[in-house]
Amino acid sequence: MIQEHNSDRVVVLSERATTMTGNVLRSAVRQFFNQQNHRNPRVYRGRQSVWNLVQESGNNQLTNIEVTDQNIRSFNRTARQFGIDYALKKDSSMSLPKYLIFFKAKDSEEMTAAFKHFLNEELKRDKKPSVRKMIKSLGQ
């Protein structure tokens, strides 16, 4: 009889422990989802998609610049130096594809400065003599 009474108490205790564990798990999951809903959204910097740029710009307008140059990758480095958030879209409907660079209207002065810097770097690169051409001319 005592053993039966102890067995009943053990069963009741284990049942309470499982319900308590379930409640603890439920409250932990609830807390996790509440924190996920209240955390700050991810902020994108530098090159990003047009959709992310539109979402981030809010009430600011987006402006764009048309570029036909193939050196768009080297512009990426310059844009990072100036801290510009931009999106690149390729328009391949023409025979020579055009690139549209979208950026926020408030970044227009920074974008102008970045383009000037980029063009100066490209002009400097064009003025430097090509080492391959020099070697080729010496070899002949």
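**Exercise 1. The sheet**

In what order do the 4 strands of the open sheet stand, and what is the pairing?

*Solution.*
- Start with the status of the coordinates: this is a predicted model.
- Read across the sheet. The order is β1-β3-β4-β2, and the pairing is mixed.
- Now take the ends of that order. β1 (47-48) and β2 (62-67) are the edge strands. Each has a single partner strand, so one side of each lacks a neighbour in the sheet.
- Turn to the partner of β2. Strand β4 (residues 98-104) runs antiparallel to β2, and 6 bridges join the two.
- Fix the register with one pair: Glu 66 stands opposite Leu 100 in β4.

**Exercise 2. Helices on the sheet**

Find which strands helix α3 and helix α4 meet, and give the angles.

*Solution.*
- Take α3, residues 72-82. This helix packs on the sheet and touches β1, β2, β3 (86-91) and β4.
- Compare directions. α3 makes about 170° with β3.
- Move on to α4, residues 108-127. Helix α4 lies across β2 and β4. Its direction is at about 140° to that of β4.

**Exercise 3. The two faces of α3**

Sort residues of α3 into buried and exposed, then explain why the buried ones line one face of the helix.

*Solution.*
- List the buried set, using a cut-off of under 20% relative accessible area. Ile 72, Ser 74, Phe 75, Thr 78 and Ala 79 make up this set.
- Look down the helix axis. The buried residues of α3 fall within an arc of 145°, so they line one face.
- Check what this set packs against. The partners are β2, β3, β4 and α4.
- Go to the face turned away from the buried side. Exposed residues there are Arg 73, Arg 80 and Gln 81.
- Step just past the end of α3. Gly 83 has a positive phi of about 65°.

**Exercise 4. The whole chain**

Write the order of elements from the N terminus, then characterise burial, contacts and surface.

*Solution.*
- Count the elements: 5 helices and 4 strands.
- Put them in chain order: α-β-α-β-α-β-β-α-α.
- Assess burial. The protein has 140 residues, and 21% of them count as buried.
- Assess contact range. Consider contacts between residues at least 6 apart in sequence; 69% of these join residues at least 24 apart.
- Finish with the surface. The accessible area is about 11,800 Å², and carbon and sulfur atoms account for 53% of it.

Key. Residues numbered from 1 in each chain as written. Predicted model: local features only at pLDDT ≥ 70, side-chain atom pairs only at ≥ 80, totals over all residues. Heavy atoms only, no water. Pairing = 2+ DSSP bridges. Contact = heavy atoms within 4.5 Å. Axes fitted to C-alpha atoms, helices over the stretch in contact; angles between N-to-C directions. Buried < 20%, exposed > 50% of the residue type's maximum accessible area, 1.4 Å probe, protein only. Arc of directions from axis to C-beta. Areas by Shrake-Rupley, 256 points an atom, 1.4 Å probe, with all protein chains shown as cover.
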